[in-house]
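Let's talk through how the labels in a model like this one are earned. Here is the structure, with the questions following it.

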Amino acid sequence: MFAIFKREFLSYFRTPVGYVALAIFTFISGFNFYTLFSEGTVSISDEINSLRSLFIIIVPIITMGSFAEDRKRGTEVLYYTSPIDLFSVVVGKFFSAMALCFVMFINVFIHMIVVSACGGRVGIGAWGSVLVFFFMAALFISIGIFASVISDNQIISAIVAFLIILLNNLFSVIGEYIGFSVSTIMSYMGINATARSNAKTAVANAISWFDPFEKTYEFRNGIFSASALIYCVSFAIFFLYLSFRILEKKRWSQK
Amino acid sequence: MIEIKNLVKHYGDKKALKGISFTVKDNEVLGFLGPNGAGKSTTMNIITGYLSSTSGTVKINGHDILEQPDLAKKDIGYLPEQPPLYLDMTVNEYLTFMCELKGVPKKERKEHIATITSLVGIDAVTGRLIGNLSKGYKQRVGIAQALVGDPPILILDEPTVGLDPNQIIGIRKLIKDLSKNHSIIVSSHILSEIQEIADRVVIIHHGKIAAVDTVKDLSQRLSNVTNLLMSFKGPAKDVAARLKMIPGITDVNIRNSGSFGEVEITTSKQAGDEIRTAIFFMMAKAGWPILEFRSLDPTLEEIFLSITTGKGE
């Protein structure tokens, strides 16, 4: 696993991928920090939370090639014919992408140092946001790797990852819409208003339960909840395991 | 030792392999021969664990490739049709990565890589990016990759394809050297190549084994030349008529009947040098100079034909 991790991590910097991701992150976070700084009040947790919306672009860039590229190059043979476990290949690639995220995040650490040096305070809410950032990165990278496994084409992988991560961003909004549609349909069926509004809330809540952003909202105020982190980790493991099973299945496929 | 029993592989409706069984003994070079699409690569992919067979078993030194994959895969070095190279790494980085994958202890890596690179003749390019190497070098890096971890079994899928003649000779020599302490399966669709390096030959055709033969038997089959090609100055029809009178000649086909005639002569199998002598004197006597006279080597296809139809046995 470590061999795969090392190779993949270094390969980010042998190709433009690592630099592009780093450049985007550095630029946006730097600009963000500069704007806050020039206004006189910097909230590190606000900065981190707004950076999370970058996942939607950066994660597909990082992960789109992780397996699709191997298939194109013919190097995936190595994973199947070497005495290593396929799951450790998936995990190795996952951690290499996480490591790249960590490298990008050094920017924010520097901002934290600047804030402290200027007499500001990096409170528990900021650290809570850091924690959330990495747990969410884990969730989205595992989705990106899954997208890379299911398609031979990097572009399609990137689009699939983009869409799934976008969906994650929109769970609450989608929940509202579907809840509204349900209540509209119910009103045509002549169901009374109380039941309608109950159903609407229930549907909206059920769907927005999946929203990782909502789940981790209180972290920025220093209120941590294990369930939110377990949610991210378990979904990350789920997608990694799914990727592993798909890779396993390819060997048996009859196409 | 590799034991392959009853391998069957279906791709949807297409049956790529229809029950293949053979064994490779220790320190033997087995040539795996067949036209494109015969199932060579599929078989090799199954032996190495890249693909799974629909049914049948593969045992590598007693370990089943599906039941004890780690033990079985440890013993195999595999060069697929397309060498699995990371073009963004240098040769040295790549081989170090392969050492890590195959579990070569850290202390031995440097020496191990040095041995392998000098063996395949890439020690001069170890610092270069694989993507910048020529095709021949890439192929050799592919072979080096298969040798990492010193596996006793090597499976090489068309190792000489796309190389220039000098490189082909180099690779053949390398395979011969390696065969002293490795069991090797080499696939090719070039007959002469297999003939040169292999001890035994498996011929595969339409997913079935058409013949398992020692190289000696195969070459004997080859040396039984039954077809000759002759071009000459003279009337083709008359030449053909006279040729047919020579005992041992069963058929004469006129290929060209212009001012330069050309005929294809089929002889009965027993006929040897005498027929050619007889033809020469007949032509000389009639005053028709022979311009070209050569045996038509049977192509791989013809050998298949003769094997599959039972002729020429």
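Q: Which residues of α3(B) are buried?
A: In this predicted model, they are Val91(B), Tyr94(B), Leu95(B), Thr96(B), Phe97(B), Met98(B), Cys99(B), Glu100(B) and Leu101(B). Buried is a matter of counting: 20 or more other C-beta atoms must lie within 10 Å of the residue's own, while 12 or fewer makes a residue exposed and anything in between partly exposed, with C-beta atoms placed from the backbone. Helices (H or I, at least four residues) and strands (E, at least two) are DSSP runs, numbered from the N terminus.

Q: What makes helix α3 of chain B largely enclosed by the rest of the structure?
A: Nine of its eleven residues (91-101) are buried, so the helix is largely enclosed. The cover for those buried residues includes α4 (106-120) and α5 (135-147) of chain B, together with α1 (2-12) and α6 (76-81) of chain A. Just after α3(B) comes Gly103(B), with a positive phi of about 75°.

Q: Why is Arg71(A) called partly exposed?
A: Arg71(A) has 17 other C-beta atoms within 10 Å, and that falls between the two cut-offs, so partly exposed is the right label. This residue sits in helix α5 (residues 68-73) of chain A. Leaving aside residues up to four places away in sequence, Arg71(A) touches Glu76(A) and Asp152(A); contact means that the C-beta atoms, placed from the backbone, lie within 7 Å.

Q: How many residues of chain B are in contact with chain A, and which elements supply them?
A: On the chain B side there are 23 residues, in contact with 18 residues of chain A. The elements giving two or more residues to that side of chain B are β1 (2-11), α2 (69-74), β6 and α3. By type, the chain B side divides into ten nonpolar, seven polar and six charged residues. Here Ala, Val, Leu, Ile, Met, Phe, Trp, Tyr, Cys and Pro count as nonpolar, Asp, Glu, Lys and Arg as charged, and the others, Gly among them, as polar.

Q: How do you know that β6(B) pairs with strand β7 of chain B?
A: Pairing requires that DSSP finds at least two bridges between the strands, and β6(B) and β7 (residues 153-157) have four, in the parallel sense. For instance, Gly77(B) has Leu154(B) as its bridge partner in β7(B). From β6 (residues 76-79), Ile76(B) and Tyr78(B) point one way and Gly77(B) and Leu79(B) the other, and all are buried.

Q: Why do β12 and β14 of chain B count as edges of their sheet?
A: Each has a single partner strand, so one side of each is left without a neighbour in the sheet. The open sheet has the order β12-β13-β11-β14 (chain B), with antiparallel pairing. Strand β11 (residues 227-233) is joined to β14(B) by five bridges, and Leu229(B) stands opposite Arg294(B) in β14(B).

Q: What makes chain B more spread out than a compact globule?
A: Its radius of gyration is 24 Å, well over the 20 Å that the globule rule gives for 313 residues, so the chain is more spread out than a compact globule. The radius is taken over C-alpha atoms, and the rule is 2.2 Å times the number of residues to the power 0.38. Along its principal axes the C-alpha trace of chain B spans about 80 × 45 × 35 Å.

Q: How are residues and chains labelled, and which parts of the model count?
A: Residues are numbered from 1 along each chain as its sequence is written, while chains are lettered from A and ligands numbered from 1 in the order in which they are written. As this is a predicted model, local features need pLDDT of at least 70 and side-chain atom pairs count only at pLDDT 80 or more, whereas totals for chains, interfaces and linings use all residues.

How values were computed: Contact = placed C-beta atoms within 7 Å.
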